[in-house]
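Good morning, and thank you for making time for this presentation. Please take a moment with the sequence and the structure before I begin.

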Amino acid sequence: MTTYFNKSEIEASIKSIAANQLKECVECEKLSEDFIDLLKYNFSAKYVSYDTSKKLIEIGVEDTAEKATHYPVINVLSYPVSNSKNMWLDNSFKNKMSDLVFYGRLINRKKYSHRNAEVVVM
């Protein structure tokens with residue numbers, strides 16, 4: 001199956017879905033798999049976790065500026081989770097064509113339960 005989106009539709013939908021998933025995170029105290037996938041993609045992260053005691057989302061990003069060692073150096077970014085003022089999430093979105101296709105796939109998963117639908121951005 002193929003799904004067609006325009007750029008503004010993807011941007012509005014993915015921000016709405018992300019805001020809802022963040023709200024669910026606050027209420028349920030856990031991250032959904034789709035939200036983890038979104039955060040990993042947006043931050044090029046190695047891992048994403050939720051610290052329930054501090055109400056923080058922790059995102060592990062590999063530091064490529066460090067000189068090569070046997071083990072990667074992971075910097076942990078921590079963002080507070082609340083029902084409002086989550087600019088860190090809004091600022092993480094990308095807008096290249098490949099990014100929009102990825103977001104379209106996430107929208108398909110969430111809204112239409114299509115796991116492997118092809119996405120066309122117009």
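**Helices, sheet and the two ends of the chain**

Just after α2, Ser44 takes a positive phi of about 50°. Helices and strands here are DSSP runs, numbered from the N terminus: H or I over at least four residues for a helix, E over at least two for a strand.

Let me state the basis of the work. This is a predicted model, in which local features need pLDDT of at least 70 and side-chain atom pairs count only at pLDDT 80 or more, while totals for chains, interfaces and linings use all residues. Residues are numbered from 1 along each chain as its sequence is written, and side-chain values use heavy atoms, with hydrogens and water left out.

I turn to the overall arrangement. The chain contains 4 helices and 5 strands, in the sequential pattern β-α-α-β-β-β-α-α-β. Its C-alpha trace spans about 45 × 35 × 25 Å along the principal axes. Of the 122 residues, 39% count as buried; buried means under 20% relative accessible area, exposed over 50%, and partly exposed in between, with a 1.4 Å probe and protein chains only. Among contacts with a separation of 6 or more, 55% join residues 24 or more positions apart. A contact requires heavy atoms within 4.5 Å.

Next, the helices. Helix α1, residues 7–28, has 22 residues and reaches 31 Å from its first C-alpha to its last, close to the 32 Å expected at 1.5 Å a residue. That expected span is 1.5 Å times one less than the number of residues. Its buried residues include Ile10, Ile14, Ile17 and Leu22.

Glu29 follows just after α1 and is found in the loop between α1 and α2. Phi of Glu29 is near 60°, a positive value in a residue other than glycine. With a relative accessible area of 38%, Glu29 is partly exposed.

Helix α2, residues 33–43, buries Asp34, Phe35, Ile36, Leu38, Leu39, Asn42 and Phe43. What covers these residues includes α1, β2 (45–51), β3 (56–62), β4 (74–80), α3 (87–90) and α4.

How do α2 and α4 pack, in angle and distance? Helix α2 and helix α4, residues 97–112, pack at an angle of about 175°, with their axes 11 Å apart. The two are therefore roughly antiparallel to each other. On the conventions, axes are lines fitted to C-alpha atoms, for helices over the stretch in contact, and angles run from 0 to 180 degrees between N-to-C directions. Angles under 35 degrees count as roughly parallel, over 145 as roughly antiparallel, 65 to 115 as roughly perpendicular, and the rest as oblique. From α2 the contact draws on Asp34, Asp37, Leu38, Tyr41 and Asn42, and from α4 on Ser98, Asp99, Phe102, Tyr103, Leu106 and Arg109. By class, this contact has 5 nonpolar, 2 polar and 4 charged residues. Ala, Val, Leu, Ile, Met, Phe, Trp, Tyr, Cys and Pro count as nonpolar, Asp, Glu, Lys and Arg as charged, and the others, Gly among them, as polar.

Now the sheet. Three strands form an open sheet in the order β2-β3-β4, with antiparallel pairing; pairing requires at least two DSSP bridges between two strands. β2 and β4 stand at the edges with a single partner strand each, so one side of each is left without a neighbour in the sheet. The twist averages 20° from one strand to the next. β2 and β3 pair over 6 bridges, and the bridge partner of Tyr47 in β3 is Gly60. Lys55 lies in the loop between β2 and β3; its phi is near 55°, again a positive value in a residue other than glycine. Lys55 counts as partly exposed at 32% relative accessibility. Helix α2 lies across β2, β3 and β4, running at about 130° to β2.

Finally, strands β1 and β5. Strand β1, residues 2–5, pairs with β5 in the parallel sense over 4 bridges, and Thr2 stands opposite Glu118 in β5.

In a regular strand the side chains alternate between the two faces of the sheet. Along β5, residues 118–121, Val119 and Val121 point to one face and are buried, while Glu118 and Val120 point to the other and are not. Val120 counts as partly exposed, at 25% relative accessibility. Beyond its neighbours within four places in sequence, Val120 is in contact with Thr2, Thr3, Tyr4 and Phe5. Val120 and Thr2 are 118 residues apart in sequence, yet 7.2 Å apart in space, C-alpha to C-alpha.

Thank you; I welcome discussion.
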